[in-house]
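Open the model in a viewer and keep the sequence panel visible. The stops below are meant to be selected in order.

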Amino acid sequence: MRLFIAVMLSEELQKAFVGCMHDLKKQGVEGNYTPAQNLHMTLAFIGEYSNPEKVKRVMEAAPLPPFRLAVSEKGNFGNILWAGVKGGQKLNAYVKELRKALQEAGIPFEKDKFVPHITLIRKTSARKPYQVRLPKAEMTVKKVSLMRSEIQNGKPVYREL
């Protein structure tokens, strides 16, 4: 099964990003928009792995300090448009600790540099310049989730395990 560890967004943050994406659609920006229920911040992408219980044990062994998550800037990885978020030193230290624990447990994960972001649109394209108006929003993170990604009817569906 395809797994990743993520921070799921509060309803307030989801609504703020949906408003931002709606504005982008009105400006003619095309692409695969992330559905509200799929909005999240990935901390570690594991990929295909058959032992979710082992991942959960590692997550429990790496305690999460509550921290504030605030929308910061926009960015992109190629044609993927994202909203950056700031979680400060607590977030960065937690991700480092979590990834170290995964590695020590022998659980494979993508070792890309951690860039805290929420993917808004994949395969972004626009015929004319557009403005990304990011919301001023934040939330307190008190838990992280082990998520399973499946494709249903050609679309990704994320489910918390």
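The tour goes through two sheets, the helices on them, and two backbone outliers.

This is a predicted model, in which local features need pLDDT of at least 70 and side-chain atom pairs count only at pLDDT 80 or more, while totals for chains, interfaces and linings use all residues. Residues are numbered from 1 along each chain as its sequence is written, and side-chain values use heavy atoms, with hydrogens and water left out.

**Stop 1: the four-stranded sheet**

Select β3 (40–48) and β1 (2–8), then β8 (145–152) and β9 (155–160). Helices (H or I, at least four residues) and strands (E, at least two) are DSSP runs, numbered from the N terminus. The four strands form an open sheet in the order β3-β1-β8-β9, with antiparallel pairing; two strands pair if DSSP finds at least two bridges between them. β3 and β9 are at the edges with a single partner strand each, so one side of each has no neighbour in the sheet. On average, neighbouring strands here are turned by 35 degrees against each other, direction ignored. Axes are lines fitted to C-alpha atoms, for helices over the stretch in contact, and angles run from 0 to 180 degrees between N-to-C directions.

Now show β1 with β3: seven bridges join them in the antiparallel sense. One bridge to pick is phenylalanine 4, whose partner in β3 is phenylalanine 45.

**Stop 2: helix α3**

Helix α3 packs on this sheet, touching β1 and β3, and its direction makes about 10 degrees with that of β3. Contact means heavy atoms within 4.5 Å. Select residues 88–104: α3 has 17 residues and reaches 25 Å from its first C-alpha to its last, close to the 24 Å expected at 1.5 Å a residue. The expected span is 1.5 Å times one less than the number of residues.

Which residues of α3 are buried? They are Leu91, Tyr94, Val95, Leu98, Arg99, Ala101 and Leu102. They cover an arc of only 160 degrees around the axis, which puts them on the same side of α3. The arc is that of the directions from the helix axis to the C-beta atoms. On the other side, Gln89, Lys96, Gln103 and Glu104 are exposed. Buried means under 20% relative accessible area, exposed over 50%, partly exposed in between (1.4 Å probe, protein chains only). Just after the helix comes glycine 106, with a positive phi near 75 degrees.

**Stop 3: helix α2**

Select α2 (52–61). This helix lies across β1, β3 and β8, running at about 145 degrees to β8. Pro52, Val55, Val58 and Met59 are its buried residues; they fall within an arc of 115 degrees, so they line one face of the helix. Their cover includes β1, β3, α3 and β8. Arg57, Glu60 and Ala61 are exposed on the face turned away.

**Stop 4: the five-stranded sheet**

Here the order is β2-β6-β5-β4-β7, again an open sheet with antiparallel pairing. β2 (30–33) and β7 (138–141) are the edge strands. β4 and β7 share four bridges, and phenylalanine 67 stands opposite valine 141 in β7. Add helix α1 (residues 11–26), which lies across β2, β4, β5, β6 and β7 at about 20 degrees to β6.

**Stop 5: two positive phi values**

Most residues other than glycine have a negative phi. Lysine 123 has a phi near 55 degrees; this residue is in strand β6 and is exposed at 57%. Asparagine 153, with a phi of about 50 degrees, lies in the loop between β8 and β9 and is exposed at 80%.
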